[in-house]
Amino acid sequence: MDMAVEGQLWRAGEAGVLRLPSGRLVRGRGLREAMPSGHPPTFGVYLLGGAPPEFGWESRWVRWPDFRLPADKAYAETVLIEALDRSARDRVEIACGGGRGRTGTALAWLAVLDGVPPDEAVAFVREGYHRRAVETPWQKRFVARLSPHS
């Protein structure tokens, strides 16, 4: 699906949509919940312990077990950099099973890549996405230790 054909990115205020400091919009969601109404994503990043099903749009899978950290940090960062870049022209979705821990951690990581100081990224995501995003102490420490150019 080509954005030039679709002609619309996410809108601020839509379910799960987070506005990054650059103004780019990304959507977080839990895969166990129903797909929000409106347009589907054009690019998805799925943070799961096992491979996801085919979604019908371009996607990347990051092996990331529930309540944990990514199995391959370098690959996860490469995928999130791609997601940040594509959010300028695509409807980018970041998702895990419940949409809070792994998704919140990845959104906080995106926020750091987009200019939020690491020690403020969890609060940024909790304010703009979900108040309980980034669930575990090790996910919080992981975000706090990120550098914009990890």
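This report walks through the salt bridges and the nonpolar cores of one protein chain. Keep in mind that the model is predicted.

**Charged pairs**

A search through the whole structure turns up 10 salt bridges. Three of them are set out here, with the N to O distance for each.

| Pair | N to O distance |
|---|---|
| R11 and E14 | 3.5 Å |
| R27 and E93 | 2.5 Å |
| R29 and E93 | 2.5 Å |

Let's start with E93, since it shows up in two rows: it pairs with R27 and also with R29. The R27 pair ties together distant parts of the chain, with E93 sitting in strand β5 (residues 92-96) and R27 in strand β2 (residues 25-30), 66 residues apart. The R29 pair does a similar job: R29 is in strand β2, E93 is in strand β5, and their positions lie 64 residues apart in the numbering.

How buried or exposed are these partners? E93 has 0% relative accessibility, so it counts as buried. R29 comes out at 9% relative accessible area, and because buried means under 20%, it falls in that class too. R27 is buried as well.

E14, the partner of R11, is another story. Its relative accessibility is 25%, so E14 counts as partly exposed.

Then there's a bigger arrangement of charges: E58, R60, E82, R86 and D90 are linked in a network of salt bridges.

**Nonpolar cores**

Now for the greasy side of things. The largest nonpolar core has 34 residues, and the members touching the most others are V45, L47, I94, L107 and L110. Which elements supply at least two residues each? They are β3 (43-48), α2 (73-86), β5, α3 (101-113), α4 (118-128) and α5 (137-144). Helix α3 gives the largest share, with 8 residues.

L107 is a handy place to look at the packing. Leaving out residues up to four places away in sequence, L107 touches L18, V26, G28, I94, V125 and Y129. One of those contacts, I94, is itself among the core members with the most neighbours in the core.

There's also a second core, separate from the big one, with 5 residues that include L48, F55, W57 and A95.

**Pulling it together**

Strand β5 is worth a look from both angles: it holds E93, the salt-bridge partner of R27 in strand β2, and it is one of the elements that supply at least two residues of the largest core.

Conventions: Residues are numbered from 1 along each chain as its sequence is written. This is a predicted model: local features need pLDDT of at least 70, side-chain atom pairs count only at pLDDT 80 or more; totals for chains, interfaces and linings use all residues. Side-chain values use heavy atoms; hydrogens and water are left out. A salt bridge is a side-chain nitrogen of Lys or Arg within 4 Å of a carboxyl oxygen of Asp or Glu. Buried means under 20% relative accessible area, exposed over 50%, partly exposed in between (1.4 Å probe, protein chains only). Helices (H or I, at least four residues) and strands (E, at least two) are DSSP runs, numbered from the N terminus. A nonpolar core is a set of buried Ala, Val, Leu, Ile, Met, Phe, Trp, Tyr and Cys residues joined through side-chain atoms within 4.5 Å. Contact means heavy atoms within 4.5 Å.
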